[in-house]
Amino acid sequence: MDARVEQFGEVQDKRIQVKGISYSIQDLLRDQEMMTRYRNGLFLVLYLSPSDYHRIHSPAHAVVEKQFDLGGKSSPVNKWGLTLGKSPLSTNYRIITELKLEEGMYMAFIKIGAMWVNTIEWIHPYSRLRKGEEVGFFSFGSTVVLLFENGKVVFHPDLKIQRSIKAGEPLAVKSKV
């Protein structure tokens, strides 16, 4: 998928800051085990505008450990929706997919629906994913939040807020620690 980097940083005190709004990862995930896993880790928020490529590809060789949906109606996830909205990342319809990467680390891959759209299709019928393989699509603009375990990855040095990225470009790399 193509997207714009909206925000990235560290999960602090089980919360992420996006456009001045503090989101609890517990509200975002509603899964205690997952919340514990990503506490003090890293997060990345990607916004897909209506003109972006909306196919979803696996970010790594991985196994789907968990997948479930949450939320109902959706409000806008564009710049204004994230700034003025009522916690759209943790209230909008979303599909949470937890991946266990080949290196043994976990990553949460959260696909969030946009206002009136909510069409997130997971078309991959198997639990094993190959890096770059198409696994789903959005029908319209949307947002993706990625959560990484503490100390497992570092952000790619070219990552910048408001930077447009294209499918296949690196966002994070395995930590050398």
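The following legends describe close-up views of a predicted model.

**View 1. The eight-stranded open sheet.**
An open sheet of eight strands is arranged in the order 10-6-7-8-12-4-1-14, and its pairing is antiparallel. Its edges are formed by strand 10 (128-129) and strand 14, each of which pairs on one side only. Strand 8 and strand 12 are paired in the antiparallel sense through six bridges. Strand 12 is also joined to strand 4 by seven bridges, again in an antiparallel arrangement. On the other side of strand 4 in the strand order stands strand 1, which pairs with strand 4 over six bridges in the antiparallel sense. Strand 1 (residues 3-10) is in turn linked to strand 14 (residues 164-165) by two bridges, and these two strands run antiparallel.

**View 2. Residue partners across strands 1, 4, 12 and 14.**
Individual bridge partners set the register of the pairings listed here. At the side of strand 14, Ala-3 has Ile-165 as its bridge partner. Towards strand 4, Arg-4 is placed opposite Tyr-47, and Glu-10 is placed opposite Leu-42. Phe-43 faces Leu-147 of strand 12 across the pairing. Leu-147 is likewise the bridge partner of Ala-108. Leu-147 of strand 12 is thus named in two pairings, with Phe-43 and with Ala-108.

**View 3. Strand 4, covered on both faces.**
Strand 4 (residues 42-48) is mostly covered, with seven of its seven residues buried. On one side lie Leu-42, Leu-44, Leu-46 and Leu-48, and on the other lie Phe-43, Val-45 and Tyr-47; all are buried, and both faces of the strand are covered. Among these residues, Leu-42 stands opposite Glu-10, and Tyr-47 stands opposite Arg-4.

**View 4. The aromatic pair of Phe-8 and Phe-155.**
The structure contains one aromatic pair. The ring centres of Phe-8 and Phe-155 are 5.0 Å apart and the ring planes meet at 65°, so the pair is edge-to-face. Phe-8 belongs to strand 1 and Phe-155 to strand 13 (residues 153-155); the two are 147 residues apart, and the pair links distant parts of the chain. The partners fall into separate accessibility classes: Phe-8 is partly exposed because its relative accessibility is 23%, whereas Phe-155 counts as buried because its relative accessible area is 17%. The limit that separates these classes is 20%, under which a residue is buried.

**View 5. Charged side chains over aromatic rings.**
Two basic residues are placed over ring faces. Arg-37 lies over the face of Tyr-106, at 3.8 Å from the ring centre. Lys-111 lies over the face of Phe-109, at 4.6 Å from the ring centre. Strand 8 spans residues 106-112.

**View 6. Two residues with positive phi.**
Most residues other than glycine have a negative phi. Arg-30 has a positive phi, near 50°, and is placed in the loop between helix 1 (25-29) and helix 2 (32-38). Its relative accessibility is 49%, so Arg-30 counts as partly exposed. Asn-40 also has a positive phi, of about 65°, and is found in the loop between helix 2 and strand 4. Asn-40 counts as partly exposed because its relative accessibility is 41%.

**View 7. The largest pocket and its lining.**
The largest pocket has a volume of about 740 Å³. It is lined by 31 residues, of which Pro-59, Ala-60, Lys-131, Glu-169 and Leu-171 are the closest to its centre. Strand 5 (55-57), strand 8 (106-112), strand 12 (142-148) and strand 15 (172-174) are the elements that each contribute two or more residues to the lining. By residue class, the lining comprises 20 nonpolar, five polar and six charged residues.

**View 8. His-57 of strand 5 and its contact in space with Val-135.**
His-57 is located in strand 5. With a relative accessible area of 24%, His-57 is partly exposed. The C-alpha atoms of His-57 and Val-135 are 5.4 Å apart in space, while the two residues are 78 residues apart in sequence.

Note on methods. Residues are numbered from 1 along each chain as its sequence is written. This is a predicted model: local features need pLDDT of at least 70, side-chain atom pairs count only at pLDDT 80 or more; totals for chains, interfaces and linings use all residues. Side-chain values use heavy atoms; hydrogens and water are left out. Two strands pair if DSSP finds at least two bridges between them. Helices (H or I, at least four residues) and strands (E, at least two) are DSSP runs, numbered from the N terminus. Buried means under 20% relative accessible area, exposed over 50%, partly exposed in between (1.4 Å probe, protein chains only). On a 1 Å grid over the protein atoms alone, a cavity is a set of points where a 1.4 Å probe fits but cannot get out, and a pocket is an open set with protein on both sides within 12 Å along at least five of seven lines; lining residues have an atom within 4 Å of a point. Grid points are joined across faces, edges and corners, and a volume is the space filled by probe spheres set on the points. Ala, Val, Leu, Ile, Met, Phe, Trp, Tyr, Cys and Pro count as nonpolar, Asp, Glu, Lys and Arg as charged, and the others, Gly among them, as polar. Rings of Phe, Tyr and Trp (its six-membered ring) pair if their centres lie within 6.5 Å; planes under 30 degrees apart count as stacked, over 60 as edge-to-face and the rest as tilted. A charge sits over a ring if NZ of Lys or CZ of Arg is within 6 Å of the ring centre and within 35 degrees of the ring normal.
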